[in-house]
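Trainee: Got a minute to go through this one with me? I'd like to start with a helix.

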Amino acid sequence: MNAHDIIIKPILTEKSYKGLADKTYTFKVARDANKVEIRKAVEEIFDVKVEKVNTLNVRGKEKAQNTKQGRTVGKTAAYKKAIVKLTADSKTIAFFDSLQ
């Protein structure tokens, strides 16, 4: 699997912004990727050293919607999230530097 197929996009929320000072970054990743693959992909794409990777599966939420035909229920997509902590001597990821 290609490194760019594993790391889908960064997750930019208030909680993820708090981790930027500690060199902790949050990414949406491929559902079938494991921690070792995520570590290698981040190190390859951003040229940094990864200390730790935490992963969690985010379940899709049910969304109710009122339409002209009546009430319908759908779901948002489920995805996998990875929280990546870099080593202390590693450089920061340039993309996130402009967000601080």
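**Helix and sheet**

Mentor: Sure. The buried residues of α3 (buried means under 20% relative accessible area with a 1.4 Å probe, protein chains only) pack against α1, β1, β2, β3 and β6. Helices (H or I, at least four residues) and strands (E, at least two) are DSSP runs, numbered from the N terminus. This is a predicted model: local features need pLDDT of at least 70, side-chain atom pairs count only at pLDDT 80 or more, and totals for chains, interfaces and linings use all residues. Residues are numbered from 1 along each chain as its sequence is written, and side-chain values use heavy atoms, with hydrogens and water left out.

Trainee: Which residues are buried in α3?

Mentor: I38, A41 and V42. They cover an arc of only 95° around the axis (taken from the directions from the helix axis to the C-beta atoms), so they sit on the same side of α3.

Trainee: And what's on the face turned away from the buried side?

Mentor: K40 and E44, which are exposed, meaning over 50% relative accessible area.

Trainee: Switching to the sheet: what's the strand order?

Mentor: β1-β2-β6-β3, an open sheet of 4 strands with antiparallel pairing; two strands pair if DSSP finds at least two bridges between them. β1 (7-10) and β3 (50-58) are at the edges with a single partner strand each, so one side of each has no neighbour in the sheet.

Trainee: How many bridges join β1 to β2?

Mentor: 3, and the two strands run antiparallel. In β2, F27 is the bridge partner of P10.

Definitions and conventions
Contact = heavy atoms within 4.5 Å.
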